[in-house]
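Student: I have a model open and would like to test some of the labels people attach to it. Could we go through them one at a time?

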Amino acid sequence: MLGSLTRVPPIAWYMRMLRTYPYRTNGTTAAILMGIGDGIAQRREARQNSPRKPLRLVTLVQPNSILNNGFTIDLPRTLVMSTWAGIMGTFWTRAFRALDHRFQHTPKIPGVLAKVSIAALLIAPITNGLFLSIVTTAEVTLDSPHPTPALVFSRVQKKLHDEWWNTFVASCSFWPACNLINWMFLPQHMRVLFGGLMSTVWNVYLSLVQHRESDQEAQLQSCSPSSSRKPTHTRVDVSACIMSSNHCEDEKKDVEDQVE
C-alpha cells in the first residue's frame with residue numbers, strides 16, 4: 001500500500017525531496033502543519049466565542065452560506081507558531097538520526113524502547129519548556145507597546161509554572177505511542193514526516209495551551225480595561241461586568257416603557 005502511494009507523482013516528488021534535502025523539507029513541512037493546527041485551534045476558539053485580538057485578525061474567508069461568520073485568523077500568532085515548528089522540524093530530523101546512529105547495533109525492540117524513552121523523558125521536557133518560553137516571549141513582544149525584560153520574564157515564568165507540567169504529562173500520553181510506531185515500522189527518511197502528521201493533532205493542543213492564559217486576560221481586559229487585578233480574579237470581574245451589563249439593559253427597558 002505504501003509503495004503504491006509513493007509512485008504517485010506529487011508524493012514521489014516529496015519523497016525525493018525528503019531524501020535529498022531532509023532538513024529543509026522536514027522543517028517546511030512542520031511549519032505548514034503547525035499553521036494548519038493553529039488554524040484549527042483558532043477556529044475552535046472562535047466557535048467558543050473566546051476573546052481574540054481584533055487588530056491582529058486577518059480575514060481569509062468572507063461570510064458565506066457555509067461559514068456564516070467567515071474565517072479570520074490571528075496571523076502574527078500563526079507565524080510565530082509556524083516559525084517555532086519549522087525550527088523544531090529541523091531539530092527532530094537531526095535528533096532522530098542521532099538516536100538511530102546511537103542504537104544502530106542494539107537489538108531492534110530494546111533499541112526502539114530506548115529511543116522512545118529518551119525522546120519522551122529527556123528531550124520532550126526541554127523542547128516543551130523552550131516552546132512555552134520562546135513563543136510567550138515573541139507574543140509578549142508583539143502585544144506590548146513597550147515590552148521590558150521584567151515583563152517578558154514574569155510572563156514566561158508564569159506560563160512555565162502554569163503549563164509546563166501539564167504539557168509534559170500530555171506529551172507522555174501521546175508521543176511514546178506515536179514514536180513506537182515510527183521507529184518500529186517506518187524508514188528513517190519518513191519518520192519526521194510521520195511525526196509531523198501526528199503533530200497536527202498535537203499542535204492544536206499546543207496552540208490552545210499557549211493561548212489559554214492570554215484568552216483569560218483578554219476577557220478580563222474587555223470587561224474592565226483599566227483594571228489592574230490579577231488573572232486569578234477573572235471570574236469575579238467578569239461576573240461583575242455581566243451584572244453591570246444586565247443592569248444597563250434593565251434601565252434601557254424602563255426608559256422605553258416610559259416613552260411608550
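Tutor: Happily! In this predicted model, buried residues make up 39% of the 260 residues in the chain.

Student: How do you know that a residue such as F91 is partly exposed?

Tutor: Set its value against the limits: buried means under 20% relative accessible area and exposed means over 50%. F91 has a relative accessible area of 36%, so F91 is partly exposed. F96 and W183, on the other hand, are both buried.

Student: What makes F91 and W92 an edge-to-face pair?

Tutor: Two values decide, since a pair of aromatic rings is described by the distance of the centres and the angle of the planes. Centres must lie within 6.5 Å, and planes over 60 degrees apart count as edge-to-face. For F91 and W92 the values are 5.4 Å and 70°, so the pair meets both conditions. The structure holds eleven aromatic pairs.

Student: Why is the pair of F96 and W183 called tilted?

Tutor: The centres are 4.7 Å apart, and the planes stand at 35°. Stacked needs under 30 degrees and edge-to-face needs over 60, so this pair is tilted. F96 belongs to helix α4 and W183 to helix α6, so the pair ties together parts 87 residues apart in sequence. Ring pairs also link F91, W92, F96 and W183 into a cluster.

Student: How do you know that R97 lies over the face of Y23?

Tutor: R97 is at 5.7 Å from the ring centre, and the distance limit is 6 Å, together with an angle within 35 degrees of the ring normal. R102 lies over the face of F103 in the same sense, at 5.1 Å from the ring centre.

Student: What makes a set of residues a nonpolar core?

Tutor: The members are buried nonpolar residues joined through side-chain atoms within 4.5 Å. The largest such core here has 18 residues, and M34, M81, W84 and F131 are among those with the most contacts inside it. Helices α3, α4, α5, α6 and α7 each supply at least two residues, and α4 gives the most, with five. Another core, of eight residues, lies apart from it and includes F96, F103, V112 and W183.

Student: Which residues is V135 in contact with, leaving aside its neighbours within four places in sequence?

Tutor: V80, M81, W84, L130 and Q210. V135 is itself one of the residues with the most contacts inside the largest core.

Conventions:
Residues numbered from 1 in each chain as written. Predicted model: local features only at pLDDT ≥ 70, side-chain atom pairs only at ≥ 80, totals over all residues. Heavy atoms only, no water. Buried < 20%, exposed > 50% of the residue type's maximum accessible area, 1.4 Å probe, protein only. Phe/Tyr/Trp six-rings, centres within 6.5 Å; stacked < 30°, edge-to-face > 60°. Helix = DSSP H or I, 4+ residues; strand = E, 2+ residues; numbered from the N terminus. Contact = heavy atoms within 4.5 Å.
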